[in-house]
Amino acid sequence: MEKTKLNKFIQKYNLGGNVNSVKWTAGENQLKTSFVTPDKSLLGTVVADNVKFEDADLGVYQTDQLQKLLNVLDNDVDLSLTRAGDRAVSLKVKNGSVSVDYVLSDLTVIPDPPALKRLPDFQTKVKLDTQFIDTFIKGKSALADVDMFTFVNDKSGNLTAVIGYSSTNTNRVTIPVETDTNGLTEPVTFNANLFKEMLVANKECKSAVLEVSNEGLAKVNFKIDDYDSTYFIVAMSDVD
């Protein structure tokens, strides 16, 4: 398989290093994982299709170490497992005569994402196109120390995404957004760092829809080539 395919799968859950410990499930020509950030403010699933690999559950405790090992190899790689009984204990990735071995962890030490027992109604649907994705990434990079962004209606009732929103005078970036529906009743604030990393990991997406609930939850699904990624983002406390 191509190493770039594996790297893209990793990038879509690792989110710039924010998610390090996950369980990979391989089977039926798919590789998938469910994950949650340490602060439990973002959880999601990533599925990669057309991945030929033996059926297995793999405990990846240090994704950052695996990424460093993969960097040793060229793009065309073969994957295999070393097992102890029915448990996968290490992953071998080989390119020609060069190979790397990554020790897999016990699945019991990998945190399970919490189950979403009930999804709220999503009153607002925001279009995430290439322009919005590029502008948000640039805006967040310009305000590297700002941790939050807020969806808020402007004086004309049009929805905007504001990086650095506050009732006081602050440095900020205000981005008009296009909506399918806008039922936002109060400003709702999310983690700008995680949102940026999610957009970076899926920036090749031409169009997606971010659904926002007045109860403080957002959901977005990206479908790009062989990848299907879904993220749930929990709102942060109100800003000043």
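What volume does the largest cavity have? I looked that up before anything else. The model is a predicted one, and its largest cavity comes out at about 50 Å³.

**Cavities.** I pulled the lining of that largest cavity: Met1, Leu6, Trp24, Ala26, Leu31, Val51, Phe53, Leu58 and Leu79. By class I get 9 nonpolar residues there, with no polar and no charged ones. My count of cavities of 30 Å³ or more is 2. The second largest cavity holds about 30 Å³ of space. Around the second largest cavity I find Ser21, Val22, Ser34, Phe35, Val36, Ile110 and Pro111. Strand β2 (residues 30-36) gives the most to this lining, with 3 residues. The class split for the second largest cavity is 5 nonpolar, 2 polar and no charged.

**Pocket.** Next I checked the largest pocket, which has a volume of about 160 Å³. Its lining includes Ser21, Val36 and Pro111, and I had already noted Ser21, Val36 and Pro111 around the second largest cavity. Also lining the pocket are, among them, Lys40 and Asp112. I tallied 5 nonpolar, 5 polar and 2 charged residues for the pocket lining.

**Helix pair.** Last, I looked at α3 (residues 130-142) against α4 (residues 192-201): the angle is about 135 degrees and the axes are 10 Å apart. That angle makes α3 oblique to α4. The crossing of α3 past α4 is left-handed. From α3, the contact uses Phe132, Ile133, Phe136, Ile137, Lys140 and Ser141; from α4, I listed Ala192, Asn193, Phe195, Lys196, Leu199 and Val200. By class, I logged 8 nonpolar, 2 polar and 2 charged residues in this contact of α3 with α4.

Conventions
Residues numbered from 1 in each chain as written. Predicted model: local features only at pLDDT ≥ 70, side-chain atom pairs only at ≥ 80, totals over all residues. Heavy atoms only, no water. 1 Å grid on protein atoms, 1.4 Å probe; cavity = no way out; pocket = protein on both sides within 12 Å on 5 of 7 lines; lining within 4 Å. Points joined across faces, edges and corners; volume = space filled by probe spheres on them. Nonpolar A, V, L, I, M, F, W, Y, C, P; charged D, E, K, R; others polar. Axes fitted to C-alpha atoms, helices over the stretch in contact; angles between N-to-C directions. Helix = DSSP H or I, 4+ residues; strand = E, 2+ residues; numbered from the N terminus. Parallel < 35°, antiparallel > 145°, perpendicular 65-115°, else oblique. Left-handed = near helix turned anticlockwise from the far one by under 90°. Contact = heavy atoms within 4.5 Å.
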